[in-house]
Amino acid sequence: MNVPDPIIRLVDVYKAFGSLVVLDGVTMPIARGKTTTLLGASGSGKSVLLKHIVGLLEPDAGEVWVGDVDMAKANARQKLAVRKRFGMLFQHGALFDNLTAGDNVAFPLVYHSNKSAAERREVAMEKLRLVELEDFYDTPTSSLSGGQRKRVGLARAIVMEPEVVLFDEPNSGLDPVTSATIDELIRRMQQQLGITFIIITHDIVQAVAVSDWIGMLHKGKLLEYATTEGFVASRHRVVREFMDRYIDVPPLHDDELLDP
Amino acid sequence: MTAFLAKLGSFGLFVSSVARASVTNPPPVTRTIEEAYRIGVQSLPILLIVSVFVGTNLAVQGSNAFAQLGGQSMVGTFVALAGVREMAPIMVSSMVAAKAGTEMASQIAVMRIQEQIDALEVMAIDPYWFLVTPRMLGILLVLPALTMISVAAMLLSAWGVAVWQLGLNGSDFIAQCAQTTHGSDLFFGVIKAFVFAVIICLVSCFYGYTSPKGAKGVGEATNAAVVVSAVVCAVLNYLLSELLYG
């Protein structure tokens, strides 16, 4: 696959937990400054792949290049340096319960900047404004709805102005209206900030709505990886089955489909 | 046996990560003060109540035992020896393991299952440094002080029972305590408290950090934290007594 100017490259990555093979030789370059979505059913290995990119997991074999650092072989110091270039929105927000929404957003600044408390508040407020939650700075996270938690998580993910933002199932557990709001937010922020977004989801509607590139993981293998237009025209049987239920694509005859 | 060795190995890796984090950066000051305050304040009321009533019982049992030998004047000696050297350090460590250790384990376990620890790592914040080092320093600051407070409460309540209930001479009681207990006993108590503090913190944080997923996992981690801490402290108490007084 010809991905221009990749910022991240996974090369032949294998990962197994006991006898369960989760990633089975995945090779995937990820384009700089674009939104790339990795689709797959539950248990297909999407989250595991994402955790390899940030070095939370190490592959059994293969390489995970972030710039010129192979996260598979990087030491703790190198991993920390790479992680400073990342932001991540976790599936359930992963907000700290003992802090307010604003303090959660400002949290990375406490440890990675020399800003004063007032300056940190100002920066956090600016990010909360981007996700339209500027009135919730002093709200305890326990009082936030699921969608608001995701938006606070997103504000925290971008507060250090990272090069890459990772999204783990950004729409899971949200109603369709809130999901559409999150999609719009992702699209708008990518356009405004021009940073690399990597999304893992099983939501094909979201993938098509926000992505420049889409891949599909199936039984640990990258079955399809193409631009959004190319992906929608895929002839892989599994990809079609995944798409046909949710988005309006022209049907293909059985003899036109490719099996894994 | 294999599972036990695997757990031991995992604990060893955890301890080495905590040690590395401790020497890399000083613990976050504000969080250390918060932890010390919380551990101290949380544990103090229950500790005072138990210490007072252990002291009363030591006096009563000492009196019963020595009365048959005609040596009621030995009550002060008995209370000082048993209370200062043995009861206070192990009792305080058990109380703190039950109060603060379980809280450490459950808090960290919940952070683990809610991906907050992963979030710390992705934010390039060493979770061992952020979660364990302030708790370690906090408990190290507090546990020796709690042990000394427990000693004082125990001796005071034993003195009260000796004087008002058993009708013994208060000055004699104090003289026996002073004769039996030396500065080195208090110092050894502090050494025991330091050792127990390290064990309680490492064991509790380890079980929280490696908690299995789900509510059941948090329960198991919390339970294991207090059981293992208490057992290890009891065994070490014997070994330290042998080493220090043997």
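1. A definition to start with: a residue counts as buried if 20 or more other C-beta atoms lie within 10 Å of its own, as exposed if 12 or fewer do, and as partly exposed in between. Take B:Leu48, which has 17 other C-beta atoms within 10 Å and is therefore partly exposed. B:Leu48 sits in helix H2 (residues 29-67) of chain B. Compare its position with that of B:Val23: the two are 25 residues apart in sequence, and their C-alpha atoms are 35 Å apart in space.

2. Keep in mind that this is a predicted model. Its scores are ipTM 0.84 and pTM 0.84. For chain B the mean pLDDT is 90, with 99% of the residues at 70 or more. As a general caution, where pLDDT is low, the predicted coordinates should not be read in detail.

3. On to the sheet in chain A. Here 6 strands make an open sheet with mixed pairing, and the order is S6-S7-S8-S3-S9-S10. S6 and strand S10 (221-227) of chain A are the edge strands, each pairing on one side only. On average, neighbouring strands of this sheet are turned by 15° against each other, direction ignored. Helix H5 (residues 146-158) of chain A packs on the sheet, where it touches S6 and strand S7 (164-168) of chain A. The direction of H5 makes about 175° with that of S6(A).

4. Strand S8 of chain A deserves a look of its own. Why call S8 (residues 196-201) largely enclosed by the rest of the structure? Because 6 of the 6 residues of S8(A) are buried. In general, side chains in a regular strand alternate between the two faces of the sheet. Both faces of S8(A) are covered: A:Thr196, A:Ile198 and A:Ile200 are buried on one side, and A:Phe197, A:Ile199 and A:Thr201 are buried on the other.

5. What are the pairings around S8(A)? S7(A) and S8(A) run parallel and are joined by 5 bridges, with A:Val164 standing opposite A:Thr196 in S8(A). S3(A) is also joined to S8(A) by 5 bridges, again in parallel, and A:Thr35 has A:Phe197 as its bridge partner in S8(A). Strand S3 (residues 35-39) of chain A also pairs with strand S9 (residues 213-218) of chain A, in the parallel sense and over 4 bridges. There, A:Leu38 stands opposite A:Gly215 in S9(A).

6. Next, helix H9 (residues 237-244) of chain A. Which of its residues are buried? They are A:Val239, A:Phe242 and A:Met243. These residues cover an arc of only 95° around the axis, so they lie on the same side of H9(A). Among the elements covering the buried residues of H9(A) are S3, helix H7 (204-210), S9 and S10 of chain A.

7. Last, the contact between the chains. How many residues does each chain bring to it? Chain A puts in 14 residues and chain B 10 residues. On the side of chain A that touches chain B, helix H2 (76-83), strand S6 (86-89) and helix H3 (101-112) of chain A each supply at least two residues. H3(A) gives the most to that side, with 3 residues. Sorted by class, the side of chain A that touches chain B has 10 nonpolar, 2 polar and 2 charged residues. One element turns up twice in this note: S6(A) is an edge strand of the sheet and also supplies residues to the side that touches chain B.

Notes. Residues numbered from 1 in each chain as written. Chains lettered and ligands numbered in written order. Predicted model: local features only at pLDDT ≥ 70, side-chain atom pairs only at ≥ 80, totals over all residues. Contact = placed C-beta atoms within 7 Å. Nonpolar A, V, L, I, M, F, W, Y, C, P; charged D, E, K, R; others polar. Pairing = 2+ DSSP bridges. Axes fitted to C-alpha atoms, helices over the stretch in contact; angles between N-to-C directions. Arc of directions from axis to C-beta. pLDDT = per-residue confidence, 0-100.
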